[in-house]
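The following exercises concern salt bridges, helix packing and burial. Each task is followed by a solution worked in steps.

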Amino acid sequence: MIRKGIILAGGSGSRLYPLTIAMSKQLIPIYDKPMIYYPLSVLLLGGLTEILIITTPESQHQFQELLGDGERWGINISYAVQPSPDGLAQAFIIGKDFIGGDGCALILGDNIFYGHGLVEQLEKAAARDQGATVFAYWVKDPQRYGVVDFNDAGQAISIEEKPSFPRSNYAVTGLYYYDNQVVDVATGITPSSRGELEITDVNNWYLRQGKLQVERLGRGHAWLDTGTHESLLQAADFIATVQERQGLMVACPEEIAYRKGLIDKEQLLRLADPLKKNGYGQYLMDLAKGGSLS
C-alpha cells in the first residue's frame with residue numbers, strides 16, 4: 001500500500017508572469033484556497049499521509065509558513081528543493097531518501113482533480129504493490145500533453161510526449177503512482193532534447209515491462225491544468241460554481257483529515273477558530289457540528 005506522495009511545486013512559472021515574479025505559482029489562489037491545497041487534497045483523499053513538497057529555493061519558506069509540518073491535519077509534511085527545473089522525473093531523484101524502500105505517488109502542484117468515484121480510483125492505485133498507475137483524460141488538444149494510445153482491448157500500447165500527430169485524445173494527467181523501482185528508473189533515463197528528465201520516459205519504461213496500468217477518467221471527472229492566466233480563471237470559476245451550488249468545499253484539507261479520522265472534532269474546531277470571520281472557517285465549524293454532508 002502506497003502511503004507516500006510527492007507534490008512537485010517547483011518551476012519558474014514564467015507563463016504566469018507578472019503574477020509569479022515574486023511568488024510561487026502554487027501559492028496563487030484558486031478561488032478561496034492556495035493552489036497547492038488542491039493537489040495536497042488529492043493525496044489525502046487517496047490515503048497518503050507522508051508528503052514531500054519539492055519547491056524552488058526561493059519559495060520553500062513560504063510553503064513552510066503556509067503548511068507547516070502537517071501536524072494540524074494529522075499528516076507529515078517535509079520539504080526538499082529543486083535547484084533548477086530539470087524535468088518531472090527529477091522529483092524521484094530529489095526525493096530518493098524520502099521514498100526509501102517504499103512506493104510513491106507524484107502529483108503536479110498546478111493540477112486539480114474533481115469527480116464522482118475519484119477516491120475509489122485513488123485508493124485502487126495506492127493498493128497496487130507492483131508497477132505503475134497513471135490516469136488518462138480526454139482532451140481536445142492532446143498535442144500539448146503526453147498522449148496514450150490504446151488497443152481494441154483497452155490496453156495502453158504507447159505513450160508519446162507532445163506529438164505533432166496524436167494517436168488519441170487521451171492525455172496523461174499530472175498524477176502518477178509508482179512502485180519502488182521508480183527511483184532507479186528515473187536515475188537511469190537520459191535527458192531529452194529539452195534537457196529534461198521526462199516523466200513520459202519513466203512511464204514508457206513501465207509500459208515496456210508490462211507493468212503500467214492506465215486508468216481513464218471519464219466524463220464525470222474534471223482535470224484542470226492551471227498553468228496559464230486563462231486556465232487560472234477557468235479553474236477559479238469552476239470551483240466557485242461547484243461550491244456555491246452545493247455548499248460543499250472542494251479540496252479542504254481540514255475536512256478530508258476530519259472525515260478520514262486523522263483529526264478529531266476538537267482539533268477541527270481549533271483549526272476553524274482563527275478563520276471564523278470568513279466562509280471557510282464557518283464551513284469548518286458547521287462541519288464539526290454535523291451540519292455538512294457526510
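A residue is called buried when its relative accessible area is under 20%, exposed when that area is over 50%, and partly exposed in between. The structure to which this is applied is a predicted model.

**Exercise 1. Burial of a helix**

Determine which residues of helix H7 are buried, and assess how the helix is placed with respect to the rest of the structure.

Solution. Step 1: the residues of H7 that qualify as buried are Ile199, Thr200, Val202, Asn203, Asn204, Tyr206 and Leu207. Step 2: helix H7 spans residues 199–208, and 7 of its 10 residues are buried, so the helix is largely enclosed by the rest of the structure. Step 3: after H7 comes glycine 210, with a positive phi near 70 degrees.

**Exercise 2. A salt bridge between distant parts of the sequence**

Identify the elements that the salt bridge of aspartate 102 and lysine 4 ties together, and classify the accessibility of each partner.

Solution. Step 1: the closest N and O atoms of aspartate 102 and lysine 4 are 2.8 Å apart, which meets the 4 Å criterion for a salt bridge. Step 2: lysine 4 belongs to strand S1 (residues 4–9), whereas aspartate 102 sits in the loop between helix H4 (96–99) and strand S6 (104–108), so the pair links parts 98 residues apart in sequence. Step 3: lysine 4, at 10% relative accessibility, is buried, while aspartate 102, at 38%, is partly exposed.

**Exercise 3. A salt bridge within a helix**

Explain the placement of glutamate 255 and arginine 259, which form a salt bridge.

Solution. Step 1: both residues lie in helix H9 (residues 253–259), at a spacing of 4 residues, or about one turn of the helix. Step 2: an α-helix has 3.6 residues a turn, so residues three or four places apart point the same way. Step 3: the closest N and O atoms of glutamate 255 and arginine 259 are 2.9 Å apart. Step 4: glutamate 255 is buried at 10% relative accessibility, and arginine 259 is partly exposed at 38%.

**Exercise 4. Further salt bridges**

State how many salt bridges the structure holds, and describe further examples.

Solution. Step 1: the total is 12 salt bridges. Step 2: one of them joins lysine 162 to glutamate 161, with closest N and O atoms 2.9 Å apart. Lysine 162 is partly exposed at 41%, and glutamate 161 is partly exposed at 27%. Step 3: a network of salt bridges links Lys124, Arg128 and Glu215.

**Exercise 5. Packing of two helices**

Characterise the crossing of helices H10 and H11 and the residues in contact.

Solution. Step 1: the axes of H10 (residues 265–272) and H11 (residues 279–288) come within 8 Å and cross at roughly 160 degrees. Step 2: angles over 145 degrees count as roughly antiparallel, and H10 and H11 are therefore roughly antiparallel to each other. Step 3: the crossing of H10 past H11 is left-handed. Step 4: from H10, Lys265, Leu268, Leu269, Leu271 and Ala272 meet Gly281, Leu284, Met285, Leu287 and Ala288 of H11. These contact residues comprise 8 nonpolar, 1 polar and 1 charged.

**Exercise 6. A loop residue**

Locate glutamine 82 and decide whether this residue is buried or exposed.

Solution. Step 1: glutamine 82 is in the loop between strand S5 (76–81) and helix H3 (90–94). Step 2: its relative accessibility is 5%, and glutamine 82 therefore counts as buried. Step 3: leaving aside residues up to four places away in sequence, glutamine 82 touches residues including Leu8, Ile54, Pro57, Gln90 and Ile94.

Notes. Residues are numbered from 1 along each chain as its sequence is written. This is a predicted model: local features need pLDDT of at least 70, side-chain atom pairs count only at pLDDT 80 or more; totals for chains, interfaces and linings use all residues. Side-chain values use heavy atoms; hydrogens and water are left out. A salt bridge is a side-chain nitrogen of Lys or Arg within 4 Å of a carboxyl oxygen of Asp or Glu. Buried means under 20% relative accessible area, exposed over 50%, partly exposed in between (1.4 Å probe, protein chains only). Axes are lines fitted to C-alpha atoms, for helices over the stretch in contact, and angles run from 0 to 180 degrees between N-to-C directions. Angles under 35 degrees count as roughly parallel, over 145 as roughly antiparallel, 65 to 115 as roughly perpendicular and the rest as oblique. A crossing is left-handed if the near helix is turned anticlockwise from the far one by less than a right angle, and right-handed if clockwise. Contact means heavy atoms within 4.5 Å. Ala, Val, Leu, Ile, Met, Phe, Trp, Tyr, Cys and Pro count as nonpolar, Asp, Glu, Lys and Arg as charged, and the others, Gly among them, as polar.
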